[in-house]
Amino acid sequence: MAALATAELCDTNASLLPTGELRVLQPIFKIYGQSRTFFGPIVTLKLFEDNVLVRELLETPGDGRVLVIDGGGSMRCALVGGNLGQLAQNMGWAGIIVNGCIRDVDEINACDIGVRALASHPLKSNKKGFGEKHVPVHIGGTLIHDGEWLYADSDGILVSKMELSV
């Protein structure tokens, strides 16, 4: 994705920034996984300390999409672990953004996907199945809608209303 670096996308599409068609997430995420750079259409989840819906979505074909999980910024448990990282890789997901924590960092770092999360935490989440799929979420200072596009690299994370090119 060298041709789609986030810095270059910001420069080339600067006119989209004031209108909100292109947004930059706050730099609050740590980088995990082997794919330091990834992009794709967004699938959203909104939940709190419960990852049943995360597994349900990751069990479906990813087709290069990015799962964006609004976990409410909870620092009390992990929403994604090594098994889910491996599942995401096997099912063709490009990446996962977690507004919350992950665990099994070494296992996730061995997966050929991109993962961004606030931190790591050893405690697993609840398993009650509470949450919402395909709803707008507010993460990293921006509102993100299902079906928008996400671009991530070592410089940061962008969200766009449409697929971008340079």
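Leu84 is buried in this predicted model, with a relative accessible area of 4%. That value falls under the 20% cut-off, so Leu84 counts as buried. Its place is in helix H3. Leaving aside neighbours within four places in sequence, Leu84 is in contact with Asn51, Val54, Arg55, Leu58 and Leu79.

Helix H3 spans residues 82-90. Leu84 is one of its buried residues, together with Gly82, Gly85, Leu87 and Ala88. An α-helix has 3.6 residues a turn, so residues three or four places apart point the same way. The cover over the buried residues of H3 includes two helices, H2 and H4, and two strands, E5 and E6. After H3 comes Gly92, which has a positive phi, near 85°.

Leu84 also belongs to a group of annotated positions. In an unreviewed entry, UniProt places the feature "binding site" at Gly81, Gly82, Asn83, Leu84 and Arg103. These residues are spread over 23 residues of sequence, yet they cluster in space, and the largest C-alpha distance among them is 10.1 Å. Gly81, Gly82, Asn83, Leu84 and Arg103 are also included in the lining of the largest pocket.

That pocket, the largest in the model, has a volume of about 250 Å³. It is lined by 16 residues, and the closest to its centre are Asn51, Arg55, Gly81, Leu84 and Lys127. Two of these, Asn51 and Arg55, are also among the contacts of Leu84. Helix H2 (52-58), strand E5 (78-80) and helix H3 (82-90) are the elements that give two or more residues to the lining. By class, the lining holds six charged, five polar and five nonpolar residues.

Where does Arg103 lie? Arg103 is in the loop between strand E6 (95-102) and helix H4 (105-109). Its relative accessibility is 27%, which lies between the cut-offs of 20% and 50%, so Arg103 counts as partly exposed. Beyond its neighbours within four places in sequence, Arg103 is in contact with Ala78, Val80, Gly81 and Gly82 as well as with Ile108, His121, Pro122, Leu123 and Lys124. Gly81 and Gly82, which are among these contacts, carry the "binding site" annotation in the unreviewed UniProt entry, as does Arg103.

The UniProt annotation "binding site", again from an unreviewed entry, covers Asp104 too. Asp104 is in the loop between E6 and H4, and it is partly exposed, with a relative accessible area of 32%. With its neighbours within four places in sequence left aside, Asp104 is in contact with Gly81 and Gly82. Those two glycines are also in contact with Arg103.

Another loop, between strand E7 (114-120) and strand E8 (132-133), holds Ser125. Ser125 is buried, with a relative accessible area of 6%. Apart from neighbours within four places in sequence, its contacts are Glu49, Asp50, Asn51, Cys77, Ala78 and Leu79. Asn51 and Leu79 are also in contact with Leu84, and Ala78 is also in contact with Arg103. Ser125 and Cys101 are 24 residues apart along the chain, and their C-alpha atoms are separated by 9.8 Å.

Cys101 leads to the question of cysteine pairing. How many disulfides does the structure hold? The structure holds zero disulfides. For Cys101, the nearest cysteine sulfur is that of Cys77, 7.5 Å away, and Cys101 is in no disulfide. A disulfide requires sulfur atoms within 2.5 Å, so the separation of 7.5 Å does not qualify. Cys101 counts as buried, at 1% relative accessibility. Cys111 is likewise in no disulfide, and the nearest cysteine sulfur, that of Cys101, is 18 Å away. Cys111 also counts as buried, at 1% relative accessibility.

The last stop is Glu8, whose place is in helix H1 (residues 6-12). Is Glu8 buried or partly exposed? Glu8 is partly exposed, with a relative accessible area of 35%. Its C-alpha lies 9.8 Å from that of Ser165, although Glu8 and Ser165 are 157 residues apart in sequence.

Key:
Residues are numbered from 1 along each chain as its sequence is written. This is a predicted model: local features need pLDDT of at least 70, side-chain atom pairs count only at pLDDT 80 or more; totals for chains, interfaces and linings use all residues. Side-chain values use heavy atoms; hydrogens and water are left out. On a 1 Å grid over the protein atoms alone, a cavity is a set of points where a 1.4 Å probe fits but cannot get out, and a pocket is an open set with protein on both sides within 12 Å along at least five of seven lines; lining residues have an atom within 4 Å of a point. Grid points are joined across faces, edges and corners, and a volume is the space filled by probe spheres set on the points. Helices (H or I, at least four residues) and strands (E, at least two) are DSSP runs, numbered from the N terminus. Ala, Val, Leu, Ile, Met, Phe, Trp, Tyr, Cys and Pro count as nonpolar, Asp, Glu, Lys and Arg as charged, and the others, Gly among them, as polar. UniProt positions are given in the numbering used here, feature names are shortened, and annotations may be inferred rather than shown by experiment. Buried means under 20% relative accessible area, exposed over 50%, partly exposed in between (1.4 Å probe, protein chains only). Contact means heavy atoms within 4.5 Å.
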